[in-house]
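Subject: Structure handed over, with notes

Hello,

Please find the structure below. My notes on it come after.

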Amino acid sequence: MHAIRTIDRRDFLKLGLAAGAGLTLGFAVPEGAVSTVQADGSPVPMPFSPNAFLRIRTDNTVTVIAKHLEMGQGSHTGLATIIAEELDADWTQIKVEGAPADNKRYNNLLWGNMQGTGGSTAIANSWMQMREAGAAARAMLVNAAAEQWQVKAADIKVVNGTVSHGEKSASLGELAEAAGKQQVPEKLKLKDPAQFQLIGKKIPRKDTSEKINGTAIFTQDVQLPDMLTAVVAHPPMFGATVKNVDDKAARAVVGVQDVIQIPSGVAVVAKDFWAAKTGRDALKIDWDESKAFKQGSENIFQQYAELADKPGAVARKDGDAAALLEKADNVVEAEYRYPFLAHAALEPLNCVIHYHGDSAEVWNGEQMQTGDQRALATLFGLKPDQVKINMLYAGGSFGRRANPKADYLLETAHIAKGLKKQVPVKLVWTREDDMRGGWYRPLNLHRIRAVLDKDGMPKVWHHRLVGQSIMSGTPLAAAIQGGVDPTSVEGANNQPYQIPNQLVELHSPELPVPIQWWRSVGSTHTAYTVETFIDELAAKAGKDPVEYRLALLKEHPRHSAVLKLAAEKAGWGNVPASSTGDGKQKGRGVAVHKSFKSYVAMVADVTVENGTFKVDKVVIAVDCGIAVNPDIIKAQMEGGMGFGLAMISGSEITLDKGRVQQSNFHDYQVLHLPDMPDVQVHIVPSPEAPTGVGEPATPVIAPAVANALAAATGKRHYNLPLHAV
């Protein structure tokens, strides 16, 4: 019997009813979901909705089925809060469990017929869905109470999980069975936001305790009977293949069970991780590097620079920027360079698959259920619904577990299929494997030119980008229109500044270096270019950078609002002196950017000394619509800012003759705790529906800091990370 299982609808019928009958509902497409039991205790055949989000048991537990992965961003708490609010449940009775892979019930409403977590969409796409789920359940519970007590439903109250009328009262659990016999209401009355009791309040996260006491289950924690562990020897260069393998020494390692050659390398399968890794280290592999990619990062930048001399696919065209640039004699221009970046999540990349021949079961911190399920089914020769995916927690991801080509899951599947016995196998990538194995934020080069009018305001803006397309060659390639991958130019082709003549172009060269989205995707480089260049234009115009931006944002009130709020809270008018007289230089910089439909502005204070810098303080203003949980929003702003600060401070993947030079945190720098600045977060009150918070802080901090450094030293920085200031 497996130690870990996600309880699905069938399991609930088998197991859940033994603990207490109750109500299970799905409301995205209400189909009269009613749950009950017959007199003999057996489940009545009932039309469970195919997309269930809420389960109420007679033991008074309320379980929210979260369709989105919890990878530290707080989605489980947010989803549960929305349901609990409309249900009027007590927060202490709420539990959360991850939904299985089932795009018919749990699709991401912003992605179409596809289940997945990414793009800061978890709360944004679930807002109305979860509200309706909670409101419908509340109505059915109230109707059940009204029927039992022979009173009007309109006179019944529900407060903190207690249903009451006069002296009569019952818990949600006590009414669950009766509620299960009620019809799902066709019309729902949602709360007025003024009535919210949980939304907008600081309430404790649902995953904190188990992550502190160690009971939370991540993929690395999965232990199944007869399970084996696999580690793969990957090629040292992208495009290299196995020429010959001598596995005698590896097979001699105690615990090693098998050595299997798979498309991505050579897998050593053992009873535990250490035996598998020891066995892998003992392999003698001759790699065929004849077709491998052998260029270095500088070679790529040089090629990109030559490509940037030529027109690219047009991503935006306002007015006639090209013609005006030819006539202009006062062009301001700059070239920006951004390296490959690794995701560098704390939990090692991993996956567990048990292949049975006619079905397969997967345990994974699962970010892209539908795509992964289809990819695995194809490899195994099964139908998608024969591949069951159990969604577990993930110890970070930053996009890595949303691989559009299902890379590490397919690698696990190849191993599971190649085993002599059909037993569970856990694949583990060490951090070195992941750091050197690819799937990076693409390397990018930007070239930008502008012409100012007599008042110093930009009248021409020409932005040309060069970088690999993430979507090309994936199931999402249909999103590429006119040669423009929208994720390559987001933040550039929709930059908000009112400039009459704009031209944004894109080149998408093909390289064999594996790439995929990295936290905040295209905005991680476009925001830096736009926000540092606009700052440079303000300086050339002799204008205050905040006032300069506001003058260009008159048609974008939400951008303006966060910018004003951040400036006000930072005391923008009291800019610190650039020189303190003790060898230190002080500077303050600002940036504003919209990504994932949220607006973020930051003001950063820096100190420069002996060629290095320290970020002293960051003031953040965010408009993300209704703030479901302000504490989580604050945490996401802080975490996203820190993640982005690493991008400017030291994170960098470089290639030398085709070989990745970094391997772990000692040479791939992430932000260290002592380097975390003092952070203030201010949330703009808003009646709008919630938008994303997991990613929008990441793109803003780098330009804010770079602008602060320019204010302190007078030097502009065009290449990241900053090796010296």
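The notes below go region by region.

Please keep in mind throughout that this is a predicted model.

The small sheet and its helices

Strands β5, β6 and β7 make up an open, antiparallel sheet, in that order. The edge positions belong to β5 (157-159) and β7 (168-171); each has a single partner strand, so one side of each has no neighbour in the sheet. On average, and ignoring direction, neighbouring strands here are turned by 25 degrees against each other. Between β5 and β6 (residues 162-165) there are three bridges, in the antiparallel sense, and K157 sits opposite S164 of β6.

Two helices are placed against these strands. Helix α4 (residues 122-149) lies across β5, β6 and β7 and runs at about 40 degrees to β6. Helix α5 (residues 172-179) also packs on the sheet, touching β5, β6 and β7, and its direction makes about 85 degrees with that of β7.

One residue of α4 can be singled out, namely A136. Its relative accessible area is 1%, so A136 is buried. A136 is separated from L87 by 49 residues in sequence, while their C-alpha atoms are 8.0 Å apart in space.

β19, β20 and β21

Strand β20 (458-467) pairs with β19 (444-452) in the antiparallel sense, over nine bridges. The two form a hairpin with five residues between them, and G456 in the turn has a positive phi of about 85 degrees. With β21 (residues 501-507), β20 pairs in the parallel sense over seven bridges.

H463 of β20 appears in both pairings: H463 is the bridge partner of I448, and V504 in β21 is the bridge partner of H463. As for exposure, β20 is mostly covered, with nine of its 10 residues buried.

Helix α9

Which residues of helix α9 (residues 297-307) are buried? They are S297, I300, F301, Y304 and A305. Viewed down the axis of α9, these buried residues fall within an arc of 140 degrees, so they line one face of the helix. Their cover includes β14 (332-338), β19, β20 and β25 (655-656). The hairpin strands β19 and β20 are thus among the elements that cover α9.

R400

R400 is in the loop between β17 (387-391) and α12 (407-418). Is R400 buried or exposed? Its relative accessibility is 2%, so R400 counts as buried. Apart from neighbours within four places in sequence, R400 is in contact with H343, L349, D407, Y408, W429, D434, W439 and Q516.

The α15/α16 pair

Helix α15 (residues 523-541) packs with helix α16 (residues 545-552) at an angle of about 110 degrees, and their axes are 9 Å apart. The two helices are therefore roughly perpendicular to each other. On the α15 side the contact is made by E531, I534, D535, L537, A538 and A541, and on the α16 side by P545, Y548, R549 and L552. By class, the residues of this contact are seven nonpolar, three charged and no polar.

Regards

Conventions
Residues are numbered from 1 along each chain as its sequence is written. This is a predicted model: local features need pLDDT of at least 70, side-chain atom pairs count only at pLDDT 80 or more; totals for chains, interfaces and linings use all residues. Side-chain values use heavy atoms; hydrogens and water are left out. Axes are lines fitted to C-alpha atoms, for helices over the stretch in contact, and angles run from 0 to 180 degrees between N-to-C directions. Helices (H or I, at least four residues) and strands (E, at least two) are DSSP runs, numbered from the N terminus. Angles under 35 degrees count as roughly parallel, over 145 as roughly antiparallel, 65 to 115 as roughly perpendicular and the rest as oblique. Contact means heavy atoms within 4.5 Å. Ala, Val, Leu, Ile, Met, Phe, Trp, Tyr, Cys and Pro count as nonpolar, Asp, Glu, Lys and Arg as charged, and the others, Gly among them, as polar. Buried means under 20% relative accessible area, exposed over 50%, partly exposed in between (1.4 Å probe, protein chains only). The arc is that of the directions from the helix axis to the C-beta atoms. Two strands pair if DSSP finds at least two bridges between them.
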